[in-house]
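Hi everyone, thanks for making time. Please pull up the sequence and the 3D view, and I'll walk you through a few spots.

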Amino acid sequence: MAKKGNEAPGKGFSEQLLRWDREQNRRQMPWKGEKDPYKIWLSEIILQQTRVEHGVSYYNEFVRNFPDIKKLANASEEKIFKLWEGLGYYSRCRNLIATARSIALERNGVFPKTYEEIVTLKGVGPYTAAAISSFAFNLPYAVVDGNVFRVLARIFGIDTPTDSTEGKKYFAQLANELIDKKKAGAYNQAIMDFGAMICKPVPHCDQCVFNKSCYALLNKKINELPVKEKKISIKKRWFYYLLIEHNNQLAIRQRTAKDIWQQLYEFPMIENTQDLEQDGILARAEKQNWFIRGKYEVVTQSPVYKQQLSHQLIAGKFIHIRVKNKPAQADWQWVNETGLGKFAFPRVINQFLQKAREQSLF
DNA sequence: GACCCGTGGAG
DNA sequence: TCTCCAAGGGT
């Protein structure tokens, strides 16, 4: 099944990689060379499935606000989520908070020093545990991320799908054979830098130190490797947000369901599996006693704002409504425009708010 | 093992 | 416009 191509790992791989790192790698990042496991952990959580350029400013702000893990553990969830706002994958933020608090309370703020302990932390899997272990403590655990899949698949000609169980196991084993155990941190950093700078999705083979031996280059399979097998299906959802205004304040609520954007805030929202006319939206809102027929006015309705998620396409519409009587919904908070700034919202809402402010609708 | 979870840049 | 996917992990 799995064609392994150029099988012999080649003793020279890690030596060549580390030489490239010493002589040609100019990549700089705020956390590079960092030895504080807290900051390494923080950077790794932020960077999961996230481009370095996107994560850098978030990392700097987190370090500025929370220089050590106890500061983070003692901060309010509201504040931490506000700093995370816009990064996506908000379960990372929830796990970040849980882990910070458990280390602060149960370990007096001292970060664990073994791979086995580190990998048990919430939000820390094999990749992140290997990264922290090797960067902070120089322990010999090879990282396997998207860069490593790409580099190894191409150089050694491995077409086992990276998103299969067999593939994950095979790449992890190969990576742990290749790693220079005495320079684990440097090796792990080097292979990821190499994947990000040279062996990119569209690679710079002319600058590659492996271009005399790379399986993919020699066999014209650059665009075929690595292999991924699963395709995702996109579900479409319609979100009708109601900007319910009373006494210059708007109602917001926190999302608590096991769904996208859990723990972020939103305006009271009617969801539908297909497009819905304004009358239908208002009827459903009335049925939930959000406002009473005849006792409100519709101020405006926005155009459609679309947001593409990894598995869903959200179509959001915003209907501004002024009510005469203040609805009594237990899970609503009433905030003025300034107050909105304290809460973390999904992108689609922030895009609307930005546009609304530009047009001074508030 | 299959599916879910955000956002933005590149080509 | 559309597809891919990026320092993955949880359920």
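The crossing of α5 and α6 is right-handed, and by that I mean that the near helix is turned clockwise from the far one by less than a right angle, whereas anticlockwise would be left-handed. Helix α5 covers residues 77-84 and helix α6 covers residues 91-106. They pack at an angle of about 135°, and their axes are 10 Å apart. The axes are lines fitted to C-alpha atoms, for helices over the stretch in contact, and angles run from 0 to 180 degrees between N-to-C directions. So α5 and α6 are oblique to each other; under 35 degrees counts as roughly parallel, over 145 as roughly antiparallel, 65 to 115 as roughly perpendicular, and the rest as oblique.

Who makes the contact? From α5 we have E77, I80, F81 and W84, and from α6 we have R92, C93, R94, L96, I97 and R101. Contact here means heavy atoms within 4.5 Å. Those residues divide into six nonpolar, no polar and four charged. For that split, Ala, Val, Leu, Ile, Met, Phe, Trp, Tyr, Cys and Pro are nonpolar, Asp, Glu, Lys and Arg are charged, and the others, Gly among them, are polar.

A quick word on the ground rules. This is a predicted model, where local features need pLDDT of at least 70 and side-chain atom pairs count only at pLDDT 80 or more, while totals for chains, interfaces and linings use all residues. Residues are numbered from 1 along each chain as its sequence is written, chains are lettered from A and ligands numbered from 1 in the order in which they are written, and side-chain values use heavy atoms, leaving out hydrogens and water. Helices (H or I, at least four residues) and strands (E, at least two) are DSSP runs, numbered from the N terminus.

Now for α2, residues 37-47. How many of its eleven residues are buried? Ten of them are, so this helix is mostly covered. Buried means under 20% relative accessible area, exposed over 50%, and partly exposed in between, with a 1.4 Å probe and protein chains only. Among the buried ones are Y38, W41 and L47. The cover includes α3 (52-65), α4 (69-74), α5, α6 and α8 (126-137). At the start of α2, a side-chain oxygen of D36 comes to within 2.9 Å of the backbone nitrogen of Y38. Just after the helix, Q49 has a positive phi of about 55°.

Next, the loop between α12 (215-218) and β1, where P226 sits. L225 and P226 are joined by a cis peptide bond, with omega about 0°. K220 is in the loop between α12 and β1 too, and it has a positive phi of about 50° without being a glycine. Is K220 buried or exposed? Exposed, at 71% relative accessible area.

Moving into strand β1 (residues 235-246), we meet R237, which is buried at 7%. The R237 side chain makes a polar contact with the side chain of Q312, at 2.7 Å. A polar contact is a pair of N or O atoms within 3.5 Å; within protein, one must be able to donate a hydrogen and the other to accept it, and residues adjacent in sequence count only if both atoms are side-chain atoms.

Last stop: the loop between β2 (249-254) and β3 (265-266), home of W261. W261 is buried, at 8%, and its phi is positive, near 60°. T256 is in the loop between β2 and β3 as well, but T256 is exposed at 63%.
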